[in-house]
Amino acid sequence: MEEHLRRLGLLSAFQVICTKEDVPLTKPDPALFLRAAEALGVQPRQALAIEDSLNGVRAARAAGAFTVAVPNAITRHLDLSEADLVLSRLDDLPLWELVRIARGRRLFPVV
């Protein structure tokens with residue numbers, strides 16, 4: 001993961017990186033999202049998760065995060081309606097708008 005982010009020039013944009021090596025169980029288990037929230041020092045309900053798979057959506061929701069599904073070419077045919085919000089593309093809405101929606105739909109406090 002870090003190598004890909006470095007190659008794309010995005011590594012410095014992330015305070016925390018958690019991968020399957022950091023948890024005993026993987027998605028759809030919520031452990032990865034819970035670990036990331038803990039490392040960031042926030043409650044999972046303060047998090048906004050962006051996922052592209054059904055297992056990812058289920059894991060993020062089980063952790064308590066506001067979940068946005070953005071399917072990819074492989075998962076586009078799946079029903080991702082378990083997410084709080086489904087977008088066709090990540091750039092459909094700016095991040096600030098996603099946060100505004102999350103705050104309006106749930107108890108999503110300002111951090």
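Which residue in β2 does Ile-50 stand opposite? The answer is Val-68, and that pair is a good way into the sheet of this protein.

## What you're looking at

This is a predicted model, where local features need pLDDT of at least 70 and side-chain atom pairs count only at pLDDT 80 or more, while totals for chains, interfaces and linings use all residues. Residues are numbered from 1 along each chain as its sequence is written, and side-chain values use heavy atoms, with hydrogens and water left out.

The score pLDDT is the predictor's confidence in each residue, from 0 to 100. Here the protein averages 92, and 95% of the residues score at least 70. Confidence is highest in α3, at 97, and lowest in helix α4 (residues 95-105), at a mean of 88. As a rule, where pLDDT is low, the predicted coordinates should not be read in detail.

## The sheet

Helices and strands here are DSSP runs numbered from the N terminus: H or I with at least four residues for a helix, E with at least two for a strand. The sheet is open, with 3 strands in the order β1-β2-β3 and parallel pairing. β1 and β3 stand at the edges with a single partner strand each, so one side of each has no neighbour in the sheet. Two strands count as paired if DSSP finds at least two bridges between them. β1 (residues 48-51) and β2 (residues 66-69) share 4 bridges, while β2 and β3 share 2.

You can trace some of these partners yourself. Ala-69 stands opposite Glu-51 and also opposite Val-86 in β3. Val-68, the partner of Ile-50, has Leu-85 as its bridge partner in β3.

## Faces of the strands

Now look at which way the side chains go. In β2, Phe-66 and Val-68 point one way and Thr-67 and Ala-69 the other, and all are buried. Buried means under 20% relative accessible area, exposed means over 50%, and partly exposed is in between (1.4 Å probe, protein chains only). β1 has a covered face, made of Ala-49 and Glu-51, and an uncovered one, made of Leu-48 and Ile-50.

How does the chain get from β1 to β2? It crosses through helix α3 (residues 54-63), and this β-α-β crossover is right-handed. That word has a precise sense: with the strands pointing away from the viewer, the path from the first strand over the helix to the second runs clockwise.

## Helix α2

Helix α2 (residues 31-40) has four names to remember: Ala-31, Leu-32, Phe-33 and Ala-37 are its buried residues. What covers them includes β1 and α3, going by contact, which means heavy atoms within 4.5 Å. After α2 comes Gly-41, whose phi is positive, near 75°.

## Salt bridges

Side chains of opposite charge can pair when their charged atoms come close. In this report a salt bridge is a side-chain nitrogen of Lys or Arg within 4 Å of a carboxyl oxygen of Asp or Glu, and by this rule there are 6. One of them joins Arg-58 and Glu-82 (2.9 Å, N to O). Arg-58 is in helix α3 and Glu-82 in the loop between β2 and β3 (85-86), 24 residues apart, so to speak of distant parts of the chain is fair. Arg-58 counts as partly exposed, at 37% relative accessibility, and so does Glu-82, at 35%.Another salt bridge joins Arg-61 and Asp-84 (2.5 Å, N to O). Arg-61 lies in α3 and Asp-84 in the loop between β2 and β3, so the pair ties together parts that are 23 residues apart in sequence. Arg-61 is partly exposed, at 39% relative accessibility. A further salt bridge links Asp-91 and Arg-89 (2.6 Å, N to O), and Asp-91 is exposed at 53%.

## The loop between β2 and β3

Is Asp-84 buried or exposed? Asp-84 is buried, with a relative accessible area of 18%. A polar atom of its side chain lies 2.7 Å from the backbone nitrogen of Thr-67. The side chains of Asp-84 and Arg-61 are also joined by a polar contact of 2.5 Å. A polar contact is a pair of N or O atoms within 3.5 Å; within protein, one must be able to donate a hydrogen and the other to accept it, and residues adjacent in sequence count only if both atoms are side-chain atoms.

Thr-75 is found in this loop too. Thr-75 is buried, with a relative accessible area of 8%. Leaving aside residues up to four places away in sequence, Thr-75 touches Asp-52, Ser-53 and Leu-80.
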